[in-house]
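This report describes the internal space and the nonpolar packing of the protein shown below.

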Amino acid sequence: MKLVLFDIDGTLLNTGAFGVPSLAKAVENITGKTPKYDLNELIGVSDKKNFAYMYKCAAGKAPTAKQLKEVKEEYLKLLPEELESLQKSKKYKAASGVEDFIKTLLKYPDVKLGLATGNVEEAAKIKLESAGLAKYFVTGGFGWDAEKRPQLLAAAVKRAGKEFKHAFKPEEVFVIGDTHLDVMAAKENGYHSAVVKEAGLADKERLLRAAAEAEVEDFKDQEVLLVWLDLKQDPKGVEKGSYIMPASAIEHVFFSRTGIDEQRLKMFRIKKYSDLESGKIW
């Protein structure tokens with residue numbers, strides 16, 4: 001059995017920084033101060049961490065658990081209004097080819113779908129329902145489960161195990177995201193990783209160093225993703241270098257396009273790729 005976990009923003013949806021204006025306004029409403037923030041700090045990170053970051057940008061100090069909850073509640077009140085504005089400007093859309101890809105996956109009885117998103121569950125539902133994609137997902141890991149993405153992914157797998165009554169092994173988990181954080185979180189847990197680059201929100205250099213197993217421009221390129229998922233055999237014509245196919249998820253953890261593999265790292269007495277000066281990508 002296989003579990004395919006999808007990120008939302010920049011992966012299932014191409015809506016830019018949807019949600020950030022609502023978060024900034026929520027914090028301003030609560031603190032009375034306009035937060036001065038760096039957008040790059042918010043991309044690919046859990047809402048739990050983003051809410052705390054945005055609050056600190058306005059108030060100058062970390063929020064209490066009660067204040068964090070207030071930010072969440074205010075944010076969820078404001079999000080539908082931002083969504084309506086995006087829809088009117090025709091800037092709200094699902095990723096190219098994503099629904100067709102999902103329908104293809106649903107033809108395989110042993111493939112199960114889930115979410116692995118930094119969004120809080122309520123926000124994830126709002127975003128996906130408006131794009132007509134919520135009906136395909138009944139479980140996932142969300143931005144209130146953990147601040148760090150590896151733990152968020154682990155929560156998604158645990159929940160999926162209960163939902164589908166199957167204890168998923170690391171090599172059975174396939175994570176599809178759009179940033180280096182998605183890739184590194186998958187690797188930390190021993191899961192497979194792929195990235196979709198259409199949204200263009202990722203830091204290109206960090207994404208390159210993260211070295212996902214598969215890369216596609218969008219979901220229209222189903223062939224590469226199906227080969228990556230081991231649902232199809234490698235056909236003639238699949239572009240060389242568009243994916244890496246190790247025997248197991250663990251084997252690619254230390255691999256990078258620089259050619260530094262696990263055996264060479266052992267020679268250098270380096271325990272992990274991120275310890276290399278050139279490999280610091282977090």
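In this predicted model, a search of the whole structure for cavities of 30 Å³ or more finds 1. The volume of the largest cavity is about 360 Å³. Its lining is made up of 26 residues. Those nearest the centre of the cavity are Asp-9, Leu-42, Ile-43, Gly-44 and Asn-50.

Two helices each supply at least two residues of this lining: α1, spanning 20–31, and α2, spanning 47–59. The largest share comes from α2, with 3 residues. The composition of the lining by residue class is set out in the table.

| Class of lining residue | Number in the largest cavity |
|---|---|
| Nonpolar | 11 residues |
| Polar | 8 residues |
| Charged | 7 residues |

The nonpolar packing is considered next. In soluble globular proteins, nonpolar side chains tend to be buried together. Here the largest nonpolar core holds 55 residues, and the members that touch the most others are Phe-6, Leu-12 and Leu-105. Helix α3 (residues 65–88) contributes the largest share of this core, 8 residues.

Which residues does Leu-105 touch, not counting those up to four places away in sequence? Its contacts are Val-4 and Phe-6, together with Val-111 and Leu-113, and also Leu-226, Leu-229 and Leu-231. Phe-6, one of these contacts, is itself among the three residues named above as touching the most other core members.

A second core, separate from the largest one, consists of 14 residues. Among them are Leu-153, Ala-160, Ala-185 and Ala-186.

Notes. Residues numbered from 1 in each chain as written. Predicted model: local features only at pLDDT ≥ 70, side-chain atom pairs only at ≥ 80, totals over all residues. Heavy atoms only, no water. 1 Å grid on protein atoms, 1.4 Å probe; cavity = no way out; pocket = protein on both sides within 12 Å on 5 of 7 lines; lining within 4 Å. Points joined across faces, edges and corners; volume = space filled by probe spheres on them. Helix = DSSP H or I, 4+ residues; strand = E, 2+ residues; numbered from the N terminus. Nonpolar A, V, L, I, M, F, W, Y, C, P; charged D, E, K, R; others polar. Core = buried A, V, L, I, M, F, W, Y, C linked by side-chain atoms within 4.5 Å. Buried < 20%, exposed > 50% of the residue type's maximum accessible area, 1.4 Å probe, protein only. Contact = heavy atoms within 4.5 Å.
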